[in-house]
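Please look through the structure below slowly, and keep it in view while reading the paragraphs that follow.

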Amino acid sequence: MTAFAQWIDSDYTPGDPDKVRNAPDKVDWMRCIPFIILHAGCFGVLWVGFSPVAAWTAVALYVVRMFAVTGIYHRYFSHKTYSTSRLGQFLLALWGATAVQRGALWWAYHHRHHHQHSDEPEDAHSPHVHGFWWSHIGWITSRRNFPTDYSKIKDLSKYPELVWLNRFDTAVPLVFAIALWVLGALLEKYAPGLGTNGWQMLVWGFFVSTTALFHGTSCINSMAHLMGKRRFKTNDDSRNSFILAIICLGEGWHNNHHRYQSSTRNGFYWWEIDLTYYGLKFLSWTGLIWGLKPVPQSVLEEAEREEHLASIAAAQRAVHAHPEFSSLKKVVPAAAAIAVATATAAQTTLPKRTERPPLHKNVPQQAGQTDTTSPRVM
Ligand SMILES: [Zn+2]
Ligand SMILES: [Zn+2]
């Protein structure tokens with residue numbers, strides 16, 4: 001009964017929410033039934049079949065809603081890296097809710113907590129503390145992670161419209177799923193050549209796309225602290241990964257982000273592809289958002305310093321790993337010194353042809369200059 005109430009009203013927590021939050025991790029299977037249905041729904045492709053329009057809808061909705069997670073839930077609600085109006089904020093929250101990753105406030109609360117306790121025991125989804133699978137999927141099934149602590153996100157919880165969307169976080173996904181079914185049914189009627197229908201659109205556009213979106217996003221929790229390179233010496237094990245940056249539209253530059261969270265861009269350089277930032281830049285031209293925050297010069301200088309130190313360390317490691325480099329380093333200058341010394345010595349000991357004594361000169365006379373004891377040769 002409690003689980004059923006929570007499917008509809010996610011703020012319904014019997015007892016003290018603080019107690020629930022501080023209890024040890026425990027999977028709440030009943031509470032997770034909608035999440036299990038989301039995954040099971042993907043098998044619907046066996047019944048509804050395939051059509052290019054349904055598959056492309058799934059791909060497009062993955063991209064559009066990944067942007068909602070990264071550009072809205074993460075870079076706006078969690079970090080406020082740009083500004084918008086109150087209406088703009090509500091529209092963004094609606095867009096974000098179509099990603100089916102609960103309300104913006106729940107998401108932001110957990111994400112800010114992650115930054116405060118990254119890779120420490122308190123971190124709900126650190127792969128270093130809890131292991132890969134728990135950080136990827138397990139943590140959201142745990143009873144203690146369901147409630148939103150509104151007292152920790154007062155800048156957001158002061159807006160009742162946002163609290164409502166957070167509390168009834170199944171409302172938008174439900175409308176979204178029904179809209180996809182209706183779209184499919186309309187296409188079946190008015191564009192039968194496309195070969196789709198309501199159920200097919202629902203399975204591909206909602207179940208398949210949303211499940212892929214969930215696992216794509218979760219890769220940041222599980223993989224972005226394991227895979228890739230570290231540019232900055234942050235107090236966690238966050239990393240920069242090109243592959244994750246493609247899957248998650250720029251969020252793969254996670255070590256950059258852990259170093260400086262207030263910047264709108266996570267890719268600090270032009271070659272660090274950050275599709276979310278490009279999308280936000282585009283949105284800023286429409287007037288919906290403004291005040292995108294740049295990466296400070298001091299952080300970029302720190303990046304250059306770190307790259308420089310890293311290249312020195314890498315060279316030292318290479319010498320250590322390949323002693324022949326070390327011997328070469330000694331042999332080459334020594335060989336050069338010997339070559340120079342030999343050439344110089346040759347110059348001094350071998351007189352130039354013009355300085356040679358004339359052939360007719362008295363040889364003993366010459367010899368006598370150096371060795372008076374030598375027998376004279378007539
Ligand atoms: Zn992180
Ligand atoms: Zn963040």
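Is the crossing in which α5 passes α13 left-handed or right-handed? Before turning to that pair of helices, it helps to know what kind of model this is and how far it can be trusted. The model is a predicted one, and the mean pLDDT of its protein chain is 88, with 85% of the residues reaching 70 or more. Residues 348–378 need more caution, since pLDDT stays under 50 over that stretch, for which the model has seven contacts beyond four places in sequence. Where pLDDT is low, the predicted coordinates should not be read in detail.

The protein chain has 19 helices and two strands, and of its 378 residues, 32% are buried. Among the contacts in the chain with a separation of 6 or more, 65% are accounted for by residues that are 24 or more positions apart.

We can now return to the opening question and follow helix α5, which spans residues 52–78, to its partner α13, which spans residues 198–222. The two helices pack with their axes 8 Å apart and at an angle of about 40 degrees, and they are therefore oblique to each other. As for the handedness, α5 passes α13 in a right-handed crossing. On the side of α5 the contact is made by A54, A55, T57, A58, L61, Y62, R65, M66 and V69, while α13 contributes Q200, M201, W204, G205, V208, S209, A212, L213, G216 and T217.

Helix α5 also meets α7, and here the axes come within 9 Å and cross at roughly 65 degrees. That angle makes α5 roughly perpendicular to α7, because angles of 65 to 115 degrees are counted in that way. The crossing of α5 and α7 is right-handed, and the residues that make the contact are Y73, H74, F77 and S78 of α5, together with A104, W107, A108, H111 and R112 of α7.

Helix α7 appears again when we turn to helix α11, which covers residues 160–167. Which residues of α11 are buried? They are L162, L165 and N166, and, seen down the axis of α11, these buried residues fall within an arc of 100 degrees, so they line one face of the helix. What covers them includes α7 (104–116), along with α6 (86–97), α10 (154–157) and α12 (171–190). Helix α7 thus has a place in two parts of this account, as it makes contact with α5 through residues including W107 and is among the elements that cover the buried residues of α11.

Terms used
Residues numbered from 1 in each chain as written. Chains lettered and ligands numbered in written order. Predicted model: local features only at pLDDT ≥ 70, side-chain atom pairs only at ≥ 80, totals over all residues. pLDDT = per-residue confidence, 0-100. Helix = DSSP H or I, 4+ residues; strand = E, 2+ residues; numbered from the N terminus. Buried ≥ 20, exposed ≤ 12 C-beta atoms within 10 Å, placed from the backbone. Arc of directions from axis to C-beta. Axes fitted to C-alpha atoms, helices over the stretch in contact; angles between N-to-C directions. Parallel < 35°, antiparallel > 145°, perpendicular 65-115°, else oblique. Left-handed = near helix turned anticlockwise from the far one by under 90°.
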